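Got your viewer open and a selection box ready? Let's walk through this one stop at a time, picking out a piece and saying what sits there.

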Amino acid sequence: YVSEMEEGLKGHKSSLQMIPARHASMPTGSEQGRYCFLDVGGSTLKIGRVNLSGNGKYVLTGAMREAEFTDIQKNGVASDLFDYIAENIADYLEENSIDEKDVIFGFTWSFPFDQIDVDSGIHRAWAKKWHTKGVIGKDIVKLLRKAIAKNKRLKSKNIIMPVICHDAMATFVAGRYIEPDCGESVILGTGTNASYMELTDNIQKLKNKPSVAEICMDQEWGGFDKILLTKWDELLDGTSGNKGRQILEKTVSGIYLGEISRLIFKDLIAEKILFDGKSFMAFDEKYHEKNNPLGFQTSYMSRIIADISEDLRDVNVLLVELGVADSTIKDRQLLKDMCMLVAKRGARIVATVMLATIIKNDPNLEKPHSVAIDGSLFEKFSFFKTCMEEALVELIGEKVSRIKMFLVKDGSGIGAAILAAVTHDKPKSFFKKRVFRSSDFAL
């Protein structure tokens, strides 16, 4: 993994894109004021407002709006997506009675993009099962501003977007605001990604070095492909729509773990090891919100693993909900064992690449490291978090005390609001030596 990081930093062929985040100015923890965020995630749109009080303290104000993305946004055209976002912005402002004319938003985009300015980014590629047409190669902020401009409910508002960032960087910014020594961030939710601070001198693909000692790097680690795959991984990859890409993401992230488990269960049913060979829709076909809403999902894994009753009664309740009326205790235990294996593998992969990121620049772990983590796998799937902790102990023993993982709930949104506070009142000239453009890369 470290070798792939180094090749990516050189601009050589690598499964890690290693993209400098361009926003070289990090928060000090003293920023103050009220700023909104717009967080476009892999499954959910989140809109909220943060009151920064300085001293590393902040509080969410009002009611955060969460809206699920459907097939219309994920597989339609650009206007389907951005008009939907603009409409939700209007809903959010009305629901929270935000009547100021000028409203400042930090914008998080949880997909790969090339940042051409602090408030401008060109969408590079889709992931997380998205295929929206008319977005790749386009400026995301311009598409959103166009949708906002034509939304009648927003005519009286001046929506200011001084910054766009990816989810891992936003989480890093939130972590750095809370803890000044935060050196890495990880997203563990529908998808996965990570950011960390790299010495500017180590980024060899930069032809024109900015006047800062360190730069926040977007690893896009979901693309890491040096992982041994099982036949079920290969089957999932072959039907994914982006075959051969986002391999690490397909082995560890929330959108895929349930499907890996389902493919295993389907084989066990075919071999008459599970449910005496009886087939059920929940395991026959992958989950789809319209065509198969009872398909096996990652959230079920957490529920199954959490059941410690002698007869696994909650697993039985879940199976009945999925149409399996008469499972045996052997069936339920096998189901739990397989879920634990799939989740444990994902957690161990994450722990390993997280540690690799740290030891790249501190191989002997001579100093403490704080890692800000956001996402439902870390927050809500306690078994996943425990397996990460166990893997770190296996890898570094007593030195595990030098690594602190801490949850930054909604960090991918809150960090964007903090970054807006860092950015909005500074002239563009401030960023000339701190923002990188395509010409700065020796690729």
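What follows is a tour of a predicted model, from the whole chain down to single residues and back out to the cores.

**Stop 1: the whole chain**

Start with everything shown as a cartoon. You should be able to pick out 15 helices and 13 strands. Along the principal axes, the C-alpha atoms fill a box of roughly 70 × 55 × 40 Å. For 443 residues, a compact globule would have a radius of gyration near 22 Å, and the chain agrees with that at 22 Å. Colour by accessibility if you like: 56% of the 443 residues count as buried. Of the contacts between residues at least 6 apart in sequence, 69% join residues at least 24 apart.

**Stop 2: the five-stranded sheet**

Now select β2, β3, β4, β5 and β8. These make an open sheet with mixed pairing, in the order β4-β3-β2-β5-β8. Which strands stand at the edges? They are β4 (57–68) and β8; each has a single partner strand, so one side of each is left without a neighbour in the sheet. Look down the sheet and follow the twist, which averages 25 degrees from one strand to the next.

Zoom in on residues 32–40 and 44–54, which are β2 and β3. The two run antiparallel and are joined by nine bridges. To check the register, click Leu38: its bridge partner in β3 is Ile47.

Then slide over to β5, residues 102–109, which pairs with β8 in the parallel sense over six bridges. Here Val103 stands opposite Ile159 of β8. Stay on β8 (residues 158–165) for a moment. Is this strand largely enclosed or open? Six of its eight residues are buried, so β8 is largely enclosed by the rest of the structure.

**Stop 3: helices on that sheet**

Add residues 78–95 to bring in helix α3. This helix lies across β2, β3, β4, β5 and β8, and runs at about 130 degrees to β4. Next add α4, residues 140–150, which packs on the sheet and touches β2, β5 and β8. The direction of α4 makes about 160 degrees with that of β8.

Show side chains on α4. Its buried residues are Ile140, Val141, Leu143, Leu144, Ala147 and Ile148. They cover an arc of only 160 degrees around the axis, which puts them on the same side of α4. What do they pack against? The list is β2, α3, β5, β6 (113–117), β7 (120–123) and β8. Turn the helix around and, on the face away from its buried side, you'll find exposed Lys142 and Lys146.

**Stop 4: the six-stranded sheet**

Hide that and select the strands of another open sheet, ordered β1-β11-β10-β9-β12-β13, again with mixed pairing. The edge strands are β1 (19–20) and β13 (403–407), each pairing on one side only. At the β1 end, two bridges join β1 to β11 (residues 214–218), and the pair runs antiparallel. Click Pro20 and you'll see Met217 of β11 opposite.

Two helices are worth adding here. Helix α5, residues 167–178, lies across β9 (182–188), β10 (192–199), β11, β12 (369–374) and β13, running at about 135 degrees to β9. Helix α14 lies across β9, β12 and β13, at about 170 degrees to β13.

**Stop 5: helix α10 and its cover**

Select residues 298–306 for α10. The buried residues are Thr298, Tyr300, Met301, Ile304 and Ile305. Their arc spans only 145 degrees around the axis, which puts them on the same side of α10. Among what covers them are α8 (254–270), α11 (313–321), α12 (329–361), α13 (376–380) and α14 (382–396).

**Stop 6: the cores**

To finish, show the nonpolar side chains. The largest nonpolar core has 72 residues, and those with the most contacts inside it are Trp221, Phe283 and Met388. Which helix gives this core its largest share? That is α12, with 14 residues.

Centre on Trp221. Beyond its neighbours within four places in sequence, its contacts include Tyr1, Leu16, Val186, Leu248, Val350, Val353 and Met354. Apart from this core lies another, of 35 residues, including Ile89, Trp109, Val141 and Leu154. You've already met Val141: it is one of the buried residues of α4.

Key: Residues are numbered from 1 along each chain as its sequence is written. This is a predicted model: local features need pLDDT of at least 70, side-chain atom pairs count only at pLDDT 80 or more; totals for chains, interfaces and linings use all residues. Side-chain values use heavy atoms; hydrogens and water are left out. Buried means under 20% relative accessible area, exposed over 50%, partly exposed in between (1.4 Å probe, protein chains only). Helices (H or I, at least four residues) and strands (E, at least two) are DSSP runs, numbered from the N terminus. The arc is that of the directions from the helix axis to the C-beta atoms. Contact means heavy atoms within 4.5 Å. A nonpolar core is a set of buried Ala, Val, Leu, Ile, Met, Phe, Trp, Tyr and Cys residues joined through side-chain atoms within 4.5 Å. Two strands pair if DSSP finds at least two bridges between them. Axes are lines fitted to C-alpha atoms, for helices over the stretch in contact, and angles run from 0 to 180 degrees between N-to-C directions. The radius of gyration is taken over C-alpha atoms; the globule rule is 2.2 Å times the number of residues to the power 0.38.
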